[in-house]
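Visitor: I'm new to this one, so I'd like to ask where the labels come from. Could you show me the structure and walk me through it?

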Amino acid sequence: MLKDLHTLSPYLDFIHACSADPDYRDPMLLTEQQLHRNLLDAPENPNTRVLGTFENDTVTGVFALLVLEDEKYLELLAGLSRSAAAYDELLAHLRSACPGYQADFVYNPRNRLLQEALAALGAEFEPEQQKLVLCRAVPYVPDARIVPYRPEYRAQYLALHTGDRYWTGERVLAAPEIFRVLLAIEDGEAAGYIDLTHNSAENELYDLFVRKESRRRGLGRALLSAAVQENRPNGMALLVDIDNEAAIALYESQGFDRAEGENNITAHICL
């Protein structure tokens, strides 16, 4: 049985038990702030729906979902279950209630039950993402090529920006309460950018890009260094493809360390 949950207080023992299991904990619930933002406080958000699955009145799964009806978009903000039947029931419900929606699921790579349920529906999977966390202070060297975003560079920034994810350049610029954007300027043009959240104790380096013709000139390192400086004294974390050793080496050179057991995978599916 599946039902809407308007409070999560009765299910805290279940939530903590799943979160303590390395195979089924949710990578979006690893800090106290994430736990509240993505799950415990989710029933108060009008764009979020929290669902529970039950077997004989015993909870078998708790799921928080961002649902944007106007955009026909759905995202799993948090999902906790150790039951294959719970995942199957959730996905069956979503396909019935949200036909045609684009849905993104971010989950623990060790959660084979969810992966198998998504694969059975033809989901597309991105590479596993290595999480890195800023752990060491590296001296900041200012670089005049790195500047805060300015509207005069809007068209150039959007032309450079990755477009195959929910947070497109347009959406990033429309959410200044969430994102800070820095640009790398070369010969009067935007040659690269970095998008960074700025509203948390541990902010996320969301996207870093330098155009092909401007690479190997230190712009990526300069953008990263400036972002770390702008973010101080807050913490910072990021995700990178697990096999992208060149990028990982860059981040490690700027004070980031690999966070073991905190990786994730993103799956995309049209319901």
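Guide: Sure, and let's begin with a rule for angles: under 35 degrees counts as roughly parallel, over 145 as roughly antiparallel, 65 to 115 as roughly perpendicular, and the rest as oblique. What you see is a predicted model, where local features need pLDDT of at least 70 and side-chain atom pairs count only at pLDDT 80 or more, while totals for chains, interfaces and linings use all residues. Residues are numbered from 1 along each chain as its sequence is written, and side-chain values use heavy atoms, with hydrogens and water left out.

Visitor: Why are α7 and α8 called oblique to each other?

Guide: Their axes cross at roughly 45 degrees and come within 10 Å. Axes here are lines fitted to C-alpha atoms, for helices over the stretch in contact, with angles running from 0 to 180 degrees between N-to-C directions. The crossing angle of roughly 45 degrees fits none of the parallel, antiparallel or perpendicular ranges, so α7 and α8 are oblique. The helices themselves (H or I, at least four residues), like the strands (E, at least two), are DSSP runs numbered from the N terminus. That makes α7 residues 219–231 and α8 residues 245–253.

Visitor: What handedness does the crossing of α7 and α8 have?

Guide: It is right-handed. The rule is that the near helix is turned clockwise from the far one by less than a right angle for right-handed, and anticlockwise for left-handed.

Visitor: Which residues make the contact between α7 and α8?

Guide: Gly-220, Arg-221 and Leu-224 do so from α7, and Leu-250, Tyr-251 and Ser-253 from α8. Contact means heavy atoms within 4.5 Å.

Visitor: What does α7 lie across?

Guide: Helix α7 lies across β7, β8, β9, β10, β11, β12 and β13, and runs at about 145 degrees to β9. Those 7 strands form an open sheet with mixed pairing, in the order β8-β9-β10-β11-β12-β7-β13.

Visitor: What makes β8 and β13 the edges of the sheet?

Guide: Each has a single partner strand, so one side of each is left without a neighbour in the sheet. From one strand to the next, the twist averages 30 degrees.

Visitor: How do you know that β7 pairs with β12?

Guide: Two strands pair if DSSP finds at least two bridges between them. β7 and β12 are joined by 5 bridges and run antiparallel, with Lys-131 standing opposite Leu-239 and Gln-129 opposite Asp-241. On to β13: β7 pairs with it over 3 bridges, again in the antiparallel sense, and Leu-134 faces Phe-256 there.

Visitor: Why is β7 called mostly covered?

Guide: Of its 6 residues, 5 are buried. Buried means under 20% relative accessible area, exposed over 50%, and partly exposed in between (1.4 Å probe, protein chains only). Lys-131 has a relative accessible area of 8%, which makes it buried.

Visitor: What makes the pairing of Lys-131 and Glu-262 a salt bridge?

Guide: The term asks for a side-chain nitrogen of Lys or Arg within 4 Å of a carboxyl oxygen of Asp or Glu. In Lys-131 and Glu-262 the closest N and O atoms are 3.1 Å apart, so the pair qualifies. Lys-131 lies in strand β7 and Glu-262 in the loop between β13 and β14, so the pair ties together parts that are 131 residues apart in sequence. Glu-262, at 24%, is partly exposed.

Visitor: How many salt bridges does the structure hold?

Guide: It holds 16. One of them joins the side chains of Arg-110 and Asp-23, at 2.8 Å from N to O. Arg-110 sits in the loop between β5 and α4 and Asp-23 in the loop between α1 and α2, so the bridge ties together parts 87 residues apart in sequence. Arg-110 is partly exposed at 47%, and so is Asp-23 at 28%.

Visitor: Why do Asp-57 and the bond from Arg-232 to Pro-233 get a mention?

Guide: Because most residues other than glycine have a negative phi, and most peptide bonds are trans. Asp-57 has a positive phi of about 70 degrees although it is not a glycine; Asp-57 lies in the loop between β2 and β3 and, at 70% relative accessibility, counts as exposed. The peptide bond from Arg-232 to Pro-233 is cis, with omega near 10 degrees, and Pro-233 lies in the loop between α7 and β12.
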